[in-house]
Amino acid sequence: MIVGDWRPATVSEVADVTPTARVLRITVPGWPGSEPGQHVDVRLTAEDGYQAVRSYSLGSYGGGDTIELAVDEVPDGEVSPYLVRDVQPGDMLEVKGPLGGYFVWRPGGVNPVQLIAGGSGIVPLAAMAKARADAGTGPPFRLLYSVRRPESAIYRDELERLAGDGGVNLTWVYTRGGPPGWTGRVGRIDDEVIASTVWPVDQMPDVFVCGPTSFVEQVADALVRLGHPPAKIRTERFGGA
Amino acid sequence: MRAENARSVVDGNAIAGLLAELFTQDMTMMTGTCGGCGAQAPFAHNVVELDETAAIVRCRSCTHTLFTVLRDGETLRLRIGSLVALEAP
C-alpha cells in the first residue's frame, strides 16, 4: 500500500469507448504500481485556483508509469464531463495513489472468484479479470456485468476476449435492451439471476461487487439473502458528482 | 459548474485518500467498532456521506456517526463520534 502525495501527471491518450464514457491513459512519473482493484484520487485545478477531487478506479494494474482510468459521464457532474468531453492528451492533472487495500484481488487464493459489476463499476473488476488472465493460472473467475444496453458496456471487447481465452466466465445482464436478436431476459439483477449465474454458496466464492450505491446495495442484499456470508462479499460503491 | 451540494452516499473505499492524508496509511482494512451498536466492520464497509468539505462516516448497522472528517482549505479535522475501537488487519 503506497499513498504518498499528489503527483503531477499528464494525459497521454484518450479513447471514447461508449457514448458517455472514455478511457484515459495518464502518465505519472514515478508511479509505484498498483494492485488489481485499487483506485486513485484525481485533482483538477481551475485557472482561479479552485480545486476538485474525485476518486476513479484503475482499469490497469501492475507497474509502469502509465495508468488507465475509465470515466463515465455523470450528467450535471462537476468533474466527469470535463474528463469525458474536454480533456486532451497533454493536459495536466494531479494523481494520488494507489489507494485502498480492501477492494483488491490478490493472486494466490484457492476459492473461486465472483465479480459483479453495474455500469462503470466494471473498471476495478476488469483490472482483476486481466490480472487473473495474465497470471494464466489461479482460481476460476466468473463475471456478471449489468449494463443498460450492449453499447453502454465499458471494456466490452477486452472482456469478450478474456472470456474467449477461457480465463473468465462472462454473463451479461441488460437492463434496457439486449443486442440484435437477443432473446434472453431484460431487467435488473435479481435473486433468480444470482442463483443461476453466481458461484453457489457451497463453493465459498470470494465475491466483489462494484457499481452505483443503489446497485451494490441491491446485489449485496440479494447475495446475503441467498446465503452468501457477508464476510465473503467485498463491495465498492460510487456516487455521482 | 461548481456544485454547492455535490453530496453523494458512497462507502469507505471512497475516502481512502482523505484518510491517508490524516493517518499516513491505508485505513480501508482497519476494523472499527461502533459504540452505538457494537458492530465491527472494516472502514471500507462504512456508509460515507461525501461532499467537498466533509465526509460523514456512519455505521452501516445502526447509522450512528462513527466520525467526521472536515476539510477547511489545507486543514483536515477529525471529530470522533461513536467510534470506540480500532483494530489493524
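**Close-up views of a two-chain model**

**View 1. A turn of backbone at B:T24, in the loop between α1 and β2 (31–34) of chain B.** Welcome to the first stop on this tour of a predicted model. B:T24 follows α1(B) and has a positive phi, near 50°. Most residues other than glycine have a negative phi, which is why this spot deserves a look. Is the residue buried or exposed? With a relative accessible area of 68%, B:T24 is exposed, because the cut-off for that class is over 50%.

**View 2. Helix α1 of chain B and its surroundings.** Which residues of this helix are buried? They are B:A16, B:G17, B:L18, B:L19 and B:A20. The cover over these buried residues includes elements from the partner chain, β3 (39–45) and β6 of chain A. Chain B itself contributes β5 (54–58), β6 (65–72) and β7 (75–80) to that cover.

**View 3. The contact between chain B and chain A.** Chain B brings 23 residues to the contact, and chain A brings 28 residues. Together the chains bury about 2000 Å², with 49% of that area on carbon and sulfur atoms. How many salt bridges run between chain B and chain A? The count is four. One salt bridge that joins the chains pairs A:R54 with B:E52, with 3.1 Å between the closest N and O atoms. Polar contacts between the chains come to twelve residue pairs, with both residues at pLDDT 80 or more. On the side of chain B that touches chain A, the elements giving two or more residues are β1 (8–11) and α1 (16–23) of chain B. The largest share of that side, five residues, belongs to α1(B). By residue class, the side of chain B that touches chain A holds twelve nonpolar, five polar and six charged residues.

**View 4. The salt bridge of A:K96 with B:E21.** The closest N and O atoms of A:K96 and B:E21 lie 3.0 Å apart. This pair crosses between chains, running from strand β6 of chain A, where A:K96 sits, to helix α1 of chain B, home of B:E21. How do the partners compare in exposure, buried or partly exposed? A:K96 is buried at 2% relative accessibility, whereas B:E21 is partly exposed at 34%.

**View 5. Salt bridges within chain A.** Side chains of opposite charge can pair when their charged atoms come close. Here the side chains of A:E68 and A:K130 form a salt bridge, 3.9 Å from N to O. The partners are 62 residues apart, with A:E68 in strand β5 (residues 66–72) and A:K130 in helix α2 (residues 122–135) of chain A. A:E68 is buried at 7% relative accessibility, while A:K130 is partly exposed at 21%. A further pair in the frame is A:R225 with A:D191, whose side chains meet at 2.6 Å, N to O. A:R225 belongs to helix α5 (residues 213–225) of chain A and A:D191 to helix α4 of chain A, so this salt bridge ties together parts 34 residues apart in sequence. A:R225 is exposed, at 56% relative accessibility, and A:D191 is partly exposed, at 27%. Through shared partners, salt bridges join A:E13, A:R25, A:E68 and A:K130 into one network. Over all chains, the salt bridges number 19.

**View 6. Backbone geometry at A:P98 and A:Y155.** The peptide bond between A:G97 and A:P98 is cis, with omega about 5°. A:P98 is part of strand β6 (residues 92–99) of chain A. A:Y155 is not a glycine, yet its phi is positive, about 65°. This residue sits in the loop between β8 (141–147) and α3 (156–164) of chain A, and at 4% relative accessibility A:Y155 is buried.

**View 7. A loop glycine, A:G178.** A:G178 lies in the loop between β9 (168–174) and α4 (191–197) of chain A. With a relative accessible area of 29%, A:G178 is partly exposed. Leaving aside residues up to four places away in sequence, A:G178 touches A:P150 and A:V186. A:R148 is 30 residues from A:G178 in sequence and 8.3 Å away in space, C-alpha to C-alpha.

**View 8. Cysteines without a disulfide.** How many disulfides are there over all chains? The count is zero. For B:C34, the nearest cysteine sulfur is that of B:C62, at 3.6 Å; a disulfide would need the sulfur atoms within 2.5 Å, so B:C34 is in no disulfide. B:C34 is buried, at 2% relative accessibility, and A:C210 is also buried, at 1%.

Technical notes:
Residues numbered from 1 in each chain as written. Chains lettered and ligands numbered in written order. Predicted model: local features only at pLDDT ≥ 70, side-chain atom pairs only at ≥ 80, totals over all residues. Heavy atoms only, no water. Contact = heavy atoms within 4.5 Å. Buried area = accessible area lost by both parts, 1.4 Å probe. Polar contact = N/O pair within 3.5 Å; in protein donor to acceptor, adjacent residues only side chain to side chain. Helix = DSSP H or I, 4+ residues; strand = E, 2+ residues; numbered from the N terminus. Nonpolar A, V, L, I, M, F, W, Y, C, P; charged D, E, K, R; others polar. Buried < 20%, exposed > 50% of the residue type's maximum accessible area, 1.4 Å probe, protein only.
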